Amino acid sequence: MNKVETSFLHKNQFGDDFLWGVSTAAFQIEGAPDSDGKGRSIWDVFTSQKGKIKSGHHALTACDFYNSYQSDIELIRDLNIPNFRFSISWPRIMPTGVLPVNEAGIVYYNKIIDSLLSAGIEPWITLYHWDLPHELEIKGGWTNRESVNWFSAYVEVCVQNFGDRVKNWMVINEPSVFTGAGYFLGIHAPGKKGITNYLKAMHHVTLATTAGAKIIRNHIPDAHIGTTFSCTHIEPATQSSKDVEAAKRVDTLLNRTFIEPILGLGYPQADLPVLKKLNAYIVEDDLNNLSFDFDFIGLQCYTREVVKSSLLIPYIGAELISAEKRNVISTDMGWEVYPPALYEVLKKFNAYKGIKKIIITENGAAFPDTLKNGKVYDIKRTHYIQDHLEQILKAKKDGLNVDGYFVWTLTDNFEWAEGYNARFGLIHVDFDTQQRTIKHSGLWFKDFLS
C-alpha cells in the first residue's frame, strides 16, 4: 500500500506506555444470531420488530465476524493495532442467561483470544455491551434485582474460561446509554419506558458492575480491571442562571450518575433531585456494594452538547439544542464535531481523586463513505481522529491523566437503531458481499502506529 500522508502527530509524542487500540461490540459485528446454540438477546428481539431500526435493517449477518474473525484479526495486525477490544455475547455463552453453559460459545471466544495472541495482539474483553439474554428480559431484565446475581454468574463463567490468557477486562459498557435509551426512552432494546424502569435498571447495573469487578479480582488477582462510561462535554446555551443550572443537571445525569457511586461518592442526588427516587430501591448493604477500586476507567467521548432550560422536559428541566439547529459541522449521527470536548472531559474526570488511570476506550465518527476504484477517501474521519489526538496530547502536556486511545471502530457495523446507515469503521464493509476495504483513515492510523 502507498504511504499515507501524515499529520504533525507522532506516536512517540504520547510516550512508550500509551495504549493504542480499536474497539468493537459483539452484537454489532458477529451476526450468526442462532448459530451453535446461541440464545436470543434483547437486541435480536428488538431488531425483529417493525419500525425500531432505520431502513428496516437487522443484524442477522452484520459483519459476519462470527465466521470471518480470523481474516479480520489479520487486518488488525496489518494495521499495526496492538490492542483489540471486543465484547462477549452473554446469550452465546449462556443461551437463557443462566446455567447451563453453551460450550460452543466458550470454544468460539477461545478461538478469538488464541488468534489474537498468535497475531501479537492483546485482547481486551468487555463483558457486557448491551446484548442481555432475552430470557432474562422476560423476567424484568435489569429492572429485576436478581439481575445482579445473573450477571455475577455469567462473569464467573467468563473469567474461569478466559482468565488464563486475558488480563484486560471491562465490566460494563456505557451504562448511562443503555439504561437511558433502553429503559427510559424506549428507543433501544428492550424498548421499555418510564422513570421507574430507568431508576431500577440504573441501580442494579451499578451494583452488577462492582459485583463483576470483584469476581474478576478474586479469580485473577493481577488482572487489569476497568469499566467504561459514555461522557459528553456540556455547555449552557447562555450564561443565564436558568441555562447554567439546566446544564448542570444534564451534566449530572450524563457524566456523574454512574461514575460517582462507583468511586464511593454515592449518587449525586443533591444536583439532580429525581435521583432521590432511587432510595426506594436501595436496600441492606447496597451503599457499601456500589464502589470498587478500578485499575482504570474507560471514557467514551464523541461530542459536546449545548443545553438550555426547558420547563417542558420532565425531571431535568433542560433541552439539548441540536447541532443542526446551531448550524455547526456534524457527523452522520447528528453529533457536533468539536474536538475540545475530549480535553474538557479529561479535565473533568481528572478532578476525581479515586480514578487511577483513564483510557479513551471509544472515539470516532460516522461520515458518508464512498467506495471508488477500490478506495475510500474518508478525509473527514482522518481529520476527526487527528484532531482528537491533538486534544489528548494537549491534555498530557497539561499533566492530565490519560493513558490510551481506542478508535471506534474497526469495521463499519450494525450501529444499533441507525442500522447500517452510520459508518464508523476504519475499514469499509460492503454488507452485500462482506468485502473489506481499508479506508484512508485506517491507512493513516497504520502509518501513525508504525
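Which residues does E415 touch, not counting residues up to four places away in sequence? The answer is Q28, M333, W408, A422 and F424. Before going on, a reminder that this is a predicted model.

E415 sits in the loop between β13 and β14, the latter being residues 427-430. With a relative accessible area of 9%, E415 is buried, because buried means under 20%. Its side chain also makes a polar contact with the side chain of Q28, at 3.1 Å.

Now the record. An unreviewed UniProt entry carries the annotation "binding site", and that annotation covers Q28, H129, N173, Y302, W408, E415 and W416.

Take N173 next. N173 lies in strand β4, residues 168-173. Is N173 buried or exposed? N173 counts as buried, at 0% relative accessibility. Leaving out residues up to four places away in sequence, N173 touches R85, T126, Y128, H129, W130, F178, T228, Q300 and E362.

On to the nonpolar cores. In soluble globular proteins, nonpolar side chains tend to be buried together. Here the largest nonpolar core has 131 residues, and the members touching the most other members are W142, F151, F162 and W169. The element giving the most to this core is helix α9, residues 195-219, with twelve residues. There is also a second, separate core of nine residues, and A366, F367, A422 and F424 are among them. A422 and F424 came up earlier, as contacts of E415.

Cysteines are brief. The structure holds zero disulfides. C301 is in none, since the nearest cysteine sulfur, that of C231, is 5.1 Å away and a disulfide needs the pair within 2.5 Å. C301 is buried, with a relative accessible area of 1%. C158 is buried as well, at 0% relative accessibility.

Last, helix α14, residues 379-397. How many residues does α14 have? It has 19, and from first C-alpha to last α14 reaches 27 Å, close to the 27 Å expected at 1.5 Å a residue. Buried residues in α14 are R381, T382, Y384, I385, Q386, H388, L389, Q391, I392, L393 and A395. What covers them includes two helices, α13 (340-350) and α15 (440-449), together with the strands β1 (19-23), β10 (358-362) and β13 (404-408). After α14 comes G399, with a positive phi near 85°.

To go back to the start: E415 is buried, and the side chain of Q28 is its polar partner at 3.1 Å. Both residues fall under the "binding site" annotation in the UniProt record.

Conventions. Residues numbered from 1 in each chain as written. Predicted model: local features only at pLDDT ≥ 70, side-chain atom pairs only at ≥ 80, totals over all residues. Heavy atoms only, no water. Helix = DSSP H or I, 4+ residues; strand = E, 2+ residues; numbered from the N terminus. Expected span 1.5 Å × (residues − 1). Buried < 20%, exposed > 50% of the residue type's maximum accessible area, 1.4 Å probe, protein only. Contact = heavy atoms within 4.5 Å. Core = buried A, V, L, I, M, F, W, Y, C linked by side-chain atoms within 4.5 Å. UniProt positions renumbered as here; feature names shortened; annotations may be inferred. Polar contact = N/O pair within 3.5 Å; in protein donor to acceptor, adjacent residues only side chain to side chain.
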